[in-house]
Amino acid sequence: MGAGWPTVLAVVALTAIAALAARVGGTGTARMSVWAAVRAVVQLAVVAGVIVFVVRHWWATAAFVVVMLAAATVTSARRMTRRRRGLLAGVAILAGTAPVLAVVLATGAVPLTGVAVVPVAGIVIGGAMTATSLAGRRALAQLTDRHGEYEAALALGLLPRDAAVLVIRSAAHDALVPALDQTRTVGLVTLPGAFVGVLLGSGDPVRAAVAQILVLVGLLAAETVAALVTVELVARQRIVRDPPHDRAPA
């Protein structure tokens, strides 16, 4: 798979399909789809230009991981609320990412080298970010839609945090559905990126399978912790929803 004209044409055509489908379906995401594709191309081009330097220096590797965490935090925060408290999404993302990276590095499953740490950290941070965004949005929506149940729980003597958990506990489960489905169906429905990447690079399907299992289970662990921490932050009113007049479309 090269970066020649066939790839360029394929990317343009696929972006057009996404935008056209969004326009016909009235999702309101046609422009966002195009913008997301353009950003992905530009960002990956920049990353490709600096990655050689980053992976050769540990301080640069650490700085790059911090940048990824910061970008994930801002992205997830914006998905949940415009309030500054939304930046506490970083707590959930870090809580999910840190133990996974600690385990895979401490056990030697992932070599302690920049070229290995950067992609693995990116995958795990991305998964934790997605789980945080989904859990946060779902939990905040449930608190609004089921506010009567929340008040009823308070009337029965429950503390505010406990009453909120009673209402929003399913948000973590909902946020984990994509990760659970991906893990359950790997090899049957999809061959995810880690498998394909290692297979193309080494030609060894066993190594590719081992790498993919490590990534999937690591993602499941990171996303589970991130979703639970997010729900807890919402239950404790550390992350709160925008006022009705100030809410932006998703």
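A pocket is taken here as an open set of grid points with protein on both sides within 12 Å along at least five of seven lines. In this predicted model, the largest such pocket holds about 1300 Å³ of space. Its lining runs to 25 residues, and those closest to its centre are Arg 39, Ala 40, Gln 43, Ala 71 and Thr 75. Helix 2 (30-54), helix 3 (58-80) and helix 5 (114-145) each put at least two residues into that lining, with helix 2 giving the largest share, 11 residues. By residue type, the lining comes out as 17 nonpolar, 4 polar and 4 charged.

Stepping back to the overall fold, the protein chain is built with 10 helices and 0 strands, so the pattern along the sequence simply reads α-α-α-α-α-α-α-α-α-α. Of its 250 residues, 32% count as buried. The exposed surface of the chain adds up to about 14700 Å², and carbon and sulfur atoms supply 69% of that area. As for how the chain packs against itself, 68% of the contacts with a separation of 6 or more link residues 24 or more positions apart.

Then there is the nonpolar interior. The largest nonpolar core has 23 residues, and the ones touching the most other members are Leu 143, Tyr 150, Ile 168, Ala 227, Val 231, Val 234 and Ile 239. At least two residues of this core come from each of helix 5, helix 6 (147-155), helix 7 (160-168), helix 8 (170-185) and helix 10 (205-235). A second, separate core has 13 residues, among them Val 54, Phe 64, Met 68 and Ala 226.

Ile 239, one of the well-connected members of the largest core, is worth a closer look. Beyond its neighbours within four places in sequence, Ile 239 is in contact with Met 80, Thr 81, Arg 85, Leu 88, Ala 89, Leu 140, Leu 233 and Val 234.

One of those partners, Ala 89, sits in helix 4 (residues 89-106). Ala 89 counts as buried because its relative accessible area is 0%, against a cut-off of under 20%. Leaving out residues up to four places away in sequence, Ala 89 touches Thr 73, Ser 76, Ala 77, Met 80, Thr 132 and Ile 239. Met 80 thus turns up on the contact lists of both Ile 239 and Ala 89. Ala 89 can also be placed relative to Ala 226 of the second core: the two are 137 residues apart in sequence, yet 8.8 Å apart in space, C-alpha to C-alpha.

Terms used
Residues are numbered from 1 along each chain as its sequence is written. This is a predicted model: local features need pLDDT of at least 70, side-chain atom pairs count only at pLDDT 80 or more; totals for chains, interfaces and linings use all residues. Side-chain values use heavy atoms; hydrogens and water are left out. On a 1 Å grid over the protein atoms alone, a cavity is a set of points where a 1.4 Å probe fits but cannot get out, and a pocket is an open set with protein on both sides within 12 Å along at least five of seven lines; lining residues have an atom within 4 Å of a point. Grid points are joined across faces, edges and corners, and a volume is the space filled by probe spheres set on the points. Helices (H or I, at least four residues) and strands (E, at least two) are DSSP runs, numbered from the N terminus. Ala, Val, Leu, Ile, Met, Phe, Trp, Tyr, Cys and Pro count as nonpolar, Asp, Glu, Lys and Arg as charged, and the others, Gly among them, as polar. Buried means under 20% relative accessible area, exposed over 50%, partly exposed in between (1.4 Å probe, protein chains only). Contact means heavy atoms within 4.5 Å. Accessible areas come from the Shrake-Rupley method with a 1.4 Å probe; for residues, only the protein chains shown count as cover. A nonpolar core is a set of buried Ala, Val, Leu, Ile, Met, Phe, Trp, Tyr and Cys residues joined through side-chain atoms within 4.5 Å.
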